[in-house]
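Work through the exercises below with the sequence and the model open. Each task is followed by a solution in steps.

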Amino acid sequence: MNERTDYREIGHNIRLSRKQQKMSQRTLADLVNVSPQHISHIEAGQPVSLPVLINISNVLDVSLDLLVGSNSCCSHRHDPEVQRTAM
């Protein structure tokens, strides 16, 4: 990850991963033990704590690297929405 944490990218990657699994924000929130509003804020780019990010990663069964963006270009290379944001 770069010097600066890009919370917008993290939120975007969480949203993509959640939608790929056809999971609602409420379901993810219940499984992570946070409010649906908190998930909404995270997906909108607000900072997320490491413990919550780890829980989200575990629930969505995706790597932390993918969520923080280090592998997003490789893991979602066939996803047109990720390709648009990478340009």
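**Exercise 1. Asp61 and other backbone angles**

Task: Determine whether Asp61 is buried or exposed, and state where Asp61 is placed.

Solution. Step 1: Asp61 has a relative accessible area of 69% and is exposed; buried means under 20% relative accessible area, exposed over 50%, and partly exposed in between, with a 1.4 Å probe and protein chains only. Step 2: Asp61 sits in the loop between α4 and α5, where helices (H or I, at least four residues) and strands (E, at least two) are DSSP runs numbered from the N terminus. Step 3: the phi of Asp61 is positive, about 55 degrees, although Asp61 is not a glycine. Most residues other than glycine have a negative phi. Step 4: Asn33, also not a glycine, has a positive phi of about 70 degrees. Asn33 is in the loop between α2 and α3 and counts as exposed at 69% relative accessibility. Step 5: Gly45, just after α3, takes a positive phi of about 105 degrees.

A note on the source: this is a predicted model, in which local features need pLDDT of at least 70 and side-chain atom pairs count only at pLDDT 80 or more, while totals for chains, interfaces and linings use all residues. Residues are numbered from 1 along each chain as its sequence is written, and side-chain values use heavy atoms, with hydrogens and water left out.

**Exercise 2. Overall make-up**

Task: How many helices and strands does the protein have, and what share of its residues is buried?

Solution. Step 1: there are seven helices and zero strands, so the order from the N terminus is α-α-α-α-α-α-α. Step 2: the protein has 87 residues, of which 38% count as buried. Step 3: the exposed area is about 5600 Å², with 48% of it supplied by carbon and sulfur atoms; accessible areas come from the Shrake-Rupley method with a 1.4 Å probe, and for residues only the protein chains shown count as cover. Step 4: take the contacts (heavy atoms within 4.5 Å) with a separation of 6 or more; residues 24 or more positions apart account for 60% of them.

**Exercise 3. The nonpolar core**

Task: Which elements give two or more residues to the largest nonpolar core, and which residues does Leu53 touch?

Solution. Step 1: a nonpolar core is a set of buried Ala, Val, Leu, Ile, Met, Phe, Trp, Tyr and Cys residues joined through side-chain atoms within 4.5 Å. Step 2: the largest such core has 18 residues, and those with the most contacts inside it are Ile14, Leu28, Val52, Leu53, Ile56, Leu60 and Leu67. Step 3: two or more residues come from each of α1 (7–20), α2 (25–32), α3 (36–43), α4 (50–60) and α5 (64–68). Step 4: the most come from α4, with four residues. Step 5: leaving aside residues up to four places away in sequence, Leu53 touches Ile10, Ile14, Val48, Leu64, Leu67 and Val68.

**Exercise 4. Helix α3 and the salt bridge**

Task: Which residues of α3 are buried, and which side chain meets that of Glu43 in a salt bridge?

Solution. Step 1: Pro36, Ile39, Ile42 and Glu43 are the buried residues of α3. Step 2: they cover an arc of only 120 degrees around the axis, which puts them on the same side of α3; the arc is that of the directions from the helix axis to the C-beta atoms. Step 3: the cover over these buried residues includes α1, α2 and α4. Step 4: a search of the whole structure finds one salt bridge, defined as a side-chain nitrogen of Lys or Arg within 4 Å of a carboxyl oxygen of Asp or Glu. The partner of Glu43 is Arg18, at 2.6 Å, N to O. Step 5: Glu43 lies in α3 and Arg18 in α1, so the pair ties together parts that are 25 residues apart in sequence. Both Glu43 and Arg18 are buried.

**Exercise 5. Two serines and a surface patch**

Task: Is Ser57 buried or exposed, and which residues form a nonpolar patch on the surface?

Solution. Step 1: Ser57 lies in helix α4 and is buried, with a relative accessible area of 6%. Step 2: Ser57 touches Val62, Ser63, Leu64 and Leu67, not counting residues up to four places away in sequence. Step 3: Ser35, in the loop between α2 and α3, is partly exposed at 32%. Step 4: Leu50, Ile54 and Leu64 form the patch, with about 240 Å² of accessible area together. Patches are made of residues with over 30% relative accessible area and no salt bridge; like charges are joined within 9 Å, and nonpolar side chains (Val, Leu, Ile, Met, Phe, Trp, Tyr) within 5 Å. Step 5: Leu64 lies in helix α5 and is partly exposed, with a relative accessible area of 32%.
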